[in-house]
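Take a walk through this structure, one region at a time. Keep the view open while you read.

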Amino acid sequence: MLLRASPLRRRLFRLYDALLARFGPQSWWPARSAFEVVVGAILTQSTAWTNVERAIVALRRAGALRAPVLARLPSRRLATLVRASGFFRVKAGRLRAFLRHLGRRHAGHLRRFLRQPVPALRAELLAIPGIGPETADSILLYAAGRPVFVVDAYTRRVLSRHRIVPRAIGYAELQALFMENLPRDPALFNEYHALLVRVGKEYCRTSVARCAECPLRFDLRGRPPRL
DNA sequence: CACCAGGCAAGTA
DNA sequence: TACTTGCATGGT
């Protein structure tokens, strides 16, 4: 995959190099199976990962981190198990919607579901209620190993604070910026996104408080980052 | 105490 | 099409 050099491409590579040099490989996604990636991707919607971990632990203790078991769990019981991840009634419903789709369209086989071509798989994921662009792309990249870049709040915040993109850039535009300017390599997309989340958690919250301590100092040219 | 976190869908203008 | 609001727990 050959990409002609451009200022934007150089900035994206330099940002990646700076992140990797500072934080090292992140070994994402933090899950033991593809099914657990799907569950975590739904549970982490607008929620701190520490709270998702509590819910995952509860599900594991109940033996519910497998499709056949989770699919048979009553909604009240499921809601109780995922309570710590917040929005628990909504998320229990979304997990059930995914399991219902998996059961009806793919005989409950996640592998089979994930094997189809990216465009069809992405469209099918987005058609499941409760799965939007970020959740779908997280599943595509981290559960199915496809070269799809995941955009999230940290991606937008880190790049806009470094003045690489406008603050209000849309999901598709920001995703295209990465996918059209980097080699389409699942391992690269995996690590890049994980690193953005890592630096975001530590230095790039919505409050600008820790922003000044950020070790990257990436192309700010001395100016304070805008909110 | 107030504010925030790895979204999404439904409602309004 | 572009905003706004509800959903909810647990950490800082």
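Start with Trp29, which sits in the loop between helix H1 (7–23) and H2. The model is predicted, and its geometry at this spot deserves a look. The peptide bond from Trp28 to Trp29 is cis. Its omega is near -10°.

Ser27 belongs to the loop between H1 and H2 as well. Its phi is near 55°. That is a positive value, in a residue other than glycine. Is Ser27 buried or exposed? Ser27 has 9 other C-beta atoms within 10 Å, so it counts as exposed.

Past this loop comes helix H2, residues 34–43. Here the setting is an enclosed one: seven of the 10 residues of H2 are buried, so the rest of the structure largely encloses the helix. The buried residues are Val37, Val38, Val39, Gly40, Ala41, Ile42 and Leu43. What covers them? The cover includes H3, H6 and helix H9 (133–143).

Follow H2 into the nonpolar core. The largest such core has 50 residues. Val38, Leu95 and Ile139 have the most contacts inside it. Domain 1 (7–27 + 150–213) and domain 2 (34–143) both give residues to this core, so the core lies between them. There is a general pattern behind such cores: in soluble globular proteins, nonpolar side chains tend to be buried together.

Ile139 shows how the packing works in detail. Set aside its neighbours within four places in sequence. Ile139 is then in contact with Val37, Val38, Ala41, Leu125 and Ala144. Val37, Val38 and Ala41 are among the buried residues of H2.

Now step back to the domains. The domain assignment of chain A gives two entries, domain 1 (7–27 + 150–213) and domain 2 (34–143). Their centres, taken over C-alpha atoms, are separated by 25 Å. Seven residues of domain 1 are in contact with six residues of domain 2. On the domain 1 side, H12 contributes the largest share, three residues. By class, this side of domain 1 divides into five nonpolar, one polar and one charged residue.

Within the range of domain 1, look at H10. Its buried residues are Thr155, Arg156, Arg157, Val158, Leu159 and Arg161. They pack against helix H11 (171–179) and H12.

Just after H10 comes Arg163, in the loop between H10 and H11. Arg163 has a positive phi of about 60°, although it is not a glycine. How many C-beta neighbours does Arg163 have inside 10 Å? There are 16, so Arg163 counts as partly exposed.

Cys211 lies further along, in the segment after H12. With 16 C-beta neighbours inside 10 Å, Cys211 counts as partly exposed. Cys211 can be placed relative to H10 through Val158. The two residues are 53 apart in sequence. In space, C-alpha to C-alpha, they are 9.7 Å apart. Val158 itself is one of the buried residues of H10.

Turn next to the DNA. Begin with strand B. Which residues come nearest to DNA strand B? Of the 27 residues around it, Gln45, Gly132, Thr135, Ala153 and Thr206 do. Three elements give two or more residues to this surface: H9, helix H10 (153–161) and helix H12 (186–203). H9 gives the most, with four residues. By class, the surface near DNA strand B has 12 nonpolar, 11 polar and four charged residues.

H9 therefore links two parts of this tour, because it helps cover the buried residues of H2 and also adds to the surface near DNA strand B.Finish with DNA strand C. It is surrounded by 13 residues. The closest are Ala84, Gly86, Phe87, Arg89 and Val90. Helix H3 (49–61) and helix H6 (88–106) each supply at least two residues of this surface. By class, the surface near DNA strand C has five nonpolar, five polar and three charged residues. H3 and H6 were met before, in the cover over the buried residues of H2.

How values were computed. Residues are numbered from 1 along each chain as its sequence is written. Chains are lettered from A and ligands numbered from 1 in the order in which they are written. This is a predicted model: local features need pLDDT of at least 70, side-chain atom pairs count only at pLDDT 80 or more; totals for chains, interfaces and linings use all residues. A residue is near a molecule or strand if its C-beta atom, placed from the backbone, lies within 6 Å of it. Ala, Val, Leu, Ile, Met, Phe, Trp, Tyr, Cys and Pro count as nonpolar, Asp, Glu, Lys and Arg as charged, and the others, Gly among them, as polar. A residue is buried if 20 or more other C-beta atoms lie within 10 Å of its own, exposed if 12 or fewer, and partly exposed in between; C-beta atoms are placed from the backbone. A nonpolar core is a set of buried Ala, Val, Leu, Ile, Met, Phe, Trp, Tyr and Cys residues joined through C-beta atoms within 7 Å. Domain bounds come from an automatic or database domain assignment.
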